[in-house]
Amino acid sequence: MAELREATEVDLPWIVAITNDAIRTSDTIWTETPVTLTQRSAWMRTRQETGFPVIVAVEDDAVVGFGSYGAFRAFDGYRLTVEHSVYIAADARRRGLGRQLLMALIQRATSDGLHVMIGAVTATNAASVALHRSLGFSASSVIPQLGLKAGRWLDLVFMYRLLGPSEPEACSP
Ligand SMILES: CC(C)(COP(=O)(O)OP(=O)(O)OC[C@H]1O[C@@H](n2cnc3c(N)ncnc32)[C@H](O)[C@@H]1OP(=O)(O)O)[C@@H](O)C(=O)NCCC(=O)NCCS
């Protein structure tokens, strides 16, 4: 088990490295442009100032993964829905860290009174789909050719999980 804690500025170089490796070697992030430390720093600050988590998994003083969520869409009707993501360093996968981080995000979202978590997952990402299913997420229909990377179409599936009571009036305002 890794130690999980809220991320701080010192974790940013690790977060940037993990993000850019995923951009370079996979279709999980739909861009070919690496992120910079400045961009990741601004992203983290915005998340944390808005009350959203950025959680890192730490082993032997090294960040081996991170997970976060933020607003799904801007209209206030979506205020109880968050979109999350989890990234594990390539050499730390298949050791339960993705599950540990996603469980922590579910726990945090539940205790914050949120109602739906949703992950936008590349449809061919079998590892992410299986991870989400193992924690009670359902899959939406696949939306074909929603993105383009390196000259190939990418299909998307939303993995979603309801968290709170089903009656709207029982949820936070
Ligand atoms: C998807 C990802 C987060 C999984 O993290 P992980 O730490 O390797 O996964 P875990 O070891 O916690 O595995 C949990 C479950 O996920 C599934 N899983 C994980 N990797 C898998 C793989 N390569 N193939 C099939 N299923 C896989 C399994 O159901 C596994 O449970 P099991 O070990 O009991 O069989 C990781 O592969 C990753 O960071 N990938 C690149 C980024 C990404 O796809 N992020 C998700 C976008 S939201």
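Partly exposed, on this tour, means a relative accessible area between the buried class, under 20%, and the exposed class, over 50%. Keep those two cut-offs in mind at each stop. The model is a predicted one.

**Whole chain**

Start with the cartoon view. Four helices and seven strands make up the chain. Their order along the sequence is β-α-α-β-β-β-α-β-α-β-β. The radius of gyration is 16 Å, close to the 16 Å that the globule rule gives for 173 residues, so the chain is as compact as a globular protein of that length. Turn the C-alpha trace onto its principal axes: the spans are about 45 × 35 × 30 Å.

Now colour by accessibility. Of the 173 residues, 43% count as buried. Switch to the surface: the chain exposes about 9600 Å². Carbon and sulfur atoms supply 55% of that area.

For the contact map, take pairs at least 6 apart in sequence. Of these contacts, 63% join residues at least 24 apart.

Next, select the charged side chains. There are 16 positive and 18 negative ones. The centres of the two sets lie 5 Å apart.

**Salt bridges**

How many salt bridges does a search of the whole structure find? It finds five. Three of them are stops on this tour, taken in turn below.

*Stop 1: D21 and R24.* Select helix α1, residues 12–25; both D21 and R24 lie in it. They sit three residues apart, about one turn of the helix. Show the side chains: the closest N and O atoms of this salt bridge are 3.1 Å apart. R24 is exposed, with a relative accessible area of 63%.

*Stop 2: D27 and R152.* These two form a salt bridge, with the closest N and O atoms 3.0 Å apart. R152 lies in strand β7 (residues 152–162) and D27 in the loop between α1 and α2 (37–49), so the pair ties together parts that are 125 residues apart in sequence. R152 is partly exposed, at a relative accessible area of 39%.

*Stop 3: E59 and R95.* Here the N to O distance in the salt bridge is 2.9 Å. E59 lies in strand β2 (residues 54–59), while R95 is in the loop between β4 (81–88) and α3 (97–111), so this pair ties together parts that are 36 residues apart in sequence. Are the two residues buried or exposed? E59 has 21% relative accessibility, and the buried class ends under 20%, so E59 counts as partly exposed. R95 has 47% and the exposed class begins over 50%, so R95 also counts as partly exposed.

**Backbone phi**

Open a Ramachandran plot if your viewer has one. Most residues other than glycine have a negative phi. Two residues to pick out are Q145 and A150.

Select Q145 in strand β6, residues 138–149. Its phi is positive, about 55°, although Q145 is not a glycine.

Then select A150, in the loop between β6 and β7. A150 is not a glycine either, yet has a positive phi of about 50°. At 48% relative accessibility, A150 counts as partly exposed.

**A buried histidine**

Move to helix α4, residues 126–134, and select H132. What is the relative accessible area of H132? The value is 6%, under the 20% cut-off, so H132 is buried. Now expand the selection to its contacts, leaving aside neighbours within four places in sequence. The contacts are H84, L102, V121, F137 and M159.

**Two distances**

Finish with the distance tool, C-alpha to C-alpha.

First pair: S111 and L163. S111 is in helix α3. S111 is exposed, with a relative accessible area of 59%. S111 and L163 are 52 residues apart in sequence and 9.6 Å apart in space.

Second pair: G151 and P168. G151 lies in the loop between β6 and β7. G151 is exposed, at a relative accessible area of 72%. How far apart are the C-alpha atoms of G151 and P168? They are separated by 43 Å, with the residues 17 apart along the chain.

Definitions and conventions: Residues numbered from 1 in each chain as written. Predicted model: local features only at pLDDT ≥ 70, side-chain atom pairs only at ≥ 80, totals over all residues. Heavy atoms only, no water. Helix = DSSP H or I, 4+ residues; strand = E, 2+ residues; numbered from the N terminus. Rg over C-alpha atoms; globule rule 2.2 N^0.38 Å. Buried < 20%, exposed > 50% of the residue type's maximum accessible area, 1.4 Å probe, protein only. Contact = heavy atoms within 4.5 Å. Areas by Shrake-Rupley, 256 points an atom, 1.4 Å probe, with all protein chains shown as cover. Lys, Arg positive; Asp, Glu negative; His and termini not counted. Charge placed at Lys NZ, Arg CZ, Asp CG, Glu CD. Salt bridge = Lys/Arg side-chain N within 4 Å of Asp/Glu carboxyl O.
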